[in-house]
Amino acid sequence: AGALVRAARSPLGAERAFGALAGRRAGVECASSSVMRFCAREYSSAVRAQMVGWAHASRRGFASDGVKSERSLTEALLEEHAHESAAYEPSETATAGPPAPFELHETKGDAEVTLTRKFGDNDAEEVTVTFIAQEDPYEEDDFDDEDFDIDAEAEDGTTEDDDVDGLNDDEDAITISFNVVVSKTDGSAYLDFDCLTDGEIIEIRHVGFEAFDEVNPVIGTTYSGPNFEDLEESVQDKFHDYLEERGINADLANYIIEAHLDKEQREYTSWLERVAHFVKK
């Protein structure tokens, strides 16, 4: 997903790539039984498909014509750094920050991004949203199916034929995983949600629960909870409502996508500079 921010090779192109999404997804609910669906009144799927097409076409690469030159590695890295710095413009959504009352926490050089807020009477709960703005160095397209057992399960338990309900209808869709922790501020217990979003839809993949009992601590492996899809649909819907009440909604989904792209781009540009200085010594 991070490659999208380098797909547009000029300030105007960057504006088109990011501006197409900024502020255009407006919280209209289109609920289904198993996923929290939010439709954007003016969002264009064609625009997003074009963005992904740019990403596939350009990938991440140096701004060169592929002809060998006498440049050193340091010079090549610094040239790419200058190009990326000049061409990139963050989207309005990323620049504006997360939807209130969420607060943004990030550190330069750290790909983890955290959003926090208080919720409930006397701020009895803390809601923490976390995602990692890191492009996968080994994309599926980089490998041949014949080199691997394509029916084997991936680490997350899915196979090539599995479909994320509502999210993977478009094979080029951008999908970001993120985590939501709803904890009691007294530290007694928390709910842990593993989620996915494409900027419009939020899907819960798993819900875990942890309680701390100093008198009778759990010895061994704590039960992690059932498969979310095995829960009754009415229970699934109520979990989605529970998150929505705490601000995990369409506006936040849109921001997560934009902030992920922005953070990954900024870290990539910083990486180019730091590596150039390293190899120069």
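Leaving aside its neighbours within four places in sequence, with which residues is D262 in contact? In this predicted model, the residues concerned are Y88, P90 and A94. D262 itself belongs to helix α6, and its relative accessible area of 10% places it among the buried residues, since burial is assigned under 20%. Two polar contacts of its side chain were identified. One is made with the side chain of Y88, at 2.3 Å, and the other joins D262 to the side chain of R266, at 2.9 Å.

Helix α6 covers residues 250-280. With 31 residues at 1.5 Å a residue, a span of 45 Å is expected for α6, and the computed separation of its end C-alpha atoms, also 45 Å, agrees with that expectation. At the start of α6, a side-chain oxygen of N249 comes to within 3.2 Å of the backbone nitrogen of D251. Another residue of α6 is V279, which is classed as partly exposed because its relative accessibility is 33%, a value between the limits of 20% and 50%. Together with L73 and F278, V279 makes a nonpolar surface patch of about 310 Å².

Helix α3, which comprises residues 73-87, was examined in the same terms. For its 15 residues, the rise of 1.5 Å a residue gives an expected span of 21 Å, and the end C-alpha atoms of α3 are indeed 21 Å apart. The buried residues of this helix are T74, A76, L77, E80, H81, E84 and A87; charged side chains are thus represented in the list, including E80 and E84.

Helix α5 spans residues 233-245 and contains Q236. Q236 is buried, as its relative accessible area is 4%, under the limit of 20%. The side chain of Q236 reaches the backbone oxygen of L231 at a distance of 2.9 Å.

At the level of the whole chain, six helices and eight strands are present. Their order along the sequence is α-β-β-α-α-α-β-β-β-β-β-β-α-α. Of the 281 residues, 40% are buried. The accessible surface of the chain amounts to about 16200 Å², and carbon and sulfur atoms contribute 48% of this area. When contacts between residues at least 6 apart in sequence are considered, 62% of them join residues at least 24 apart.

Several features of the backbone were also noted. Most residues other than glycine have a negative phi, and most peptide bonds are trans. The peptide bond from A100 to P101, by contrast, is cis, with omega near 10°. P101 is located in the loop that connects α4 (92-96) with β3 (103-105). Positive phi values occur at N122, where phi is about 55°, and at D123, where phi is near 50°; neither residue is a glycine.

N122 is situated in the loop between β4 (112-119) and β5 (125-132), and D123 is likewise found in the loop between β4 and β5. The two residues fall into separate accessibility classes. N122 has a relative accessibility of 80% and therefore counts as exposed, the threshold being over 50%. D123, with a relative accessible area of 41%, is partly exposed.

Key: Residues are numbered from 1 along each chain as its sequence is written. This is a predicted model: local features need pLDDT of at least 70, side-chain atom pairs count only at pLDDT 80 or more; totals for chains, interfaces and linings use all residues. Side-chain values use heavy atoms; hydrogens and water are left out. Helices (H or I, at least four residues) and strands (E, at least two) are DSSP runs, numbered from the N terminus. The expected span of a helix is 1.5 Å times one less than its number of residues. A polar contact is a pair of N or O atoms within 3.5 Å; within protein, one must be able to donate a hydrogen and the other to accept it, and residues adjacent in sequence count only if both atoms are side-chain atoms. Patches are made of residues with over 30% relative accessible area and no salt bridge: like charges are joined within 9 Å, nonpolar side chains (Val, Leu, Ile, Met, Phe, Trp, Tyr) within 5 Å. Accessible areas come from the Shrake-Rupley method with a 1.4 Å probe; for residues, only the protein chains shown count as cover. A salt bridge is a side-chain nitrogen of Lys or Arg within 4 Å of a carboxyl oxygen of Asp or Glu. Buried means under 20% relative accessible area, exposed over 50%, partly exposed in between (1.4 Å probe, protein chains only). Contact means heavy atoms within 4.5 Å.
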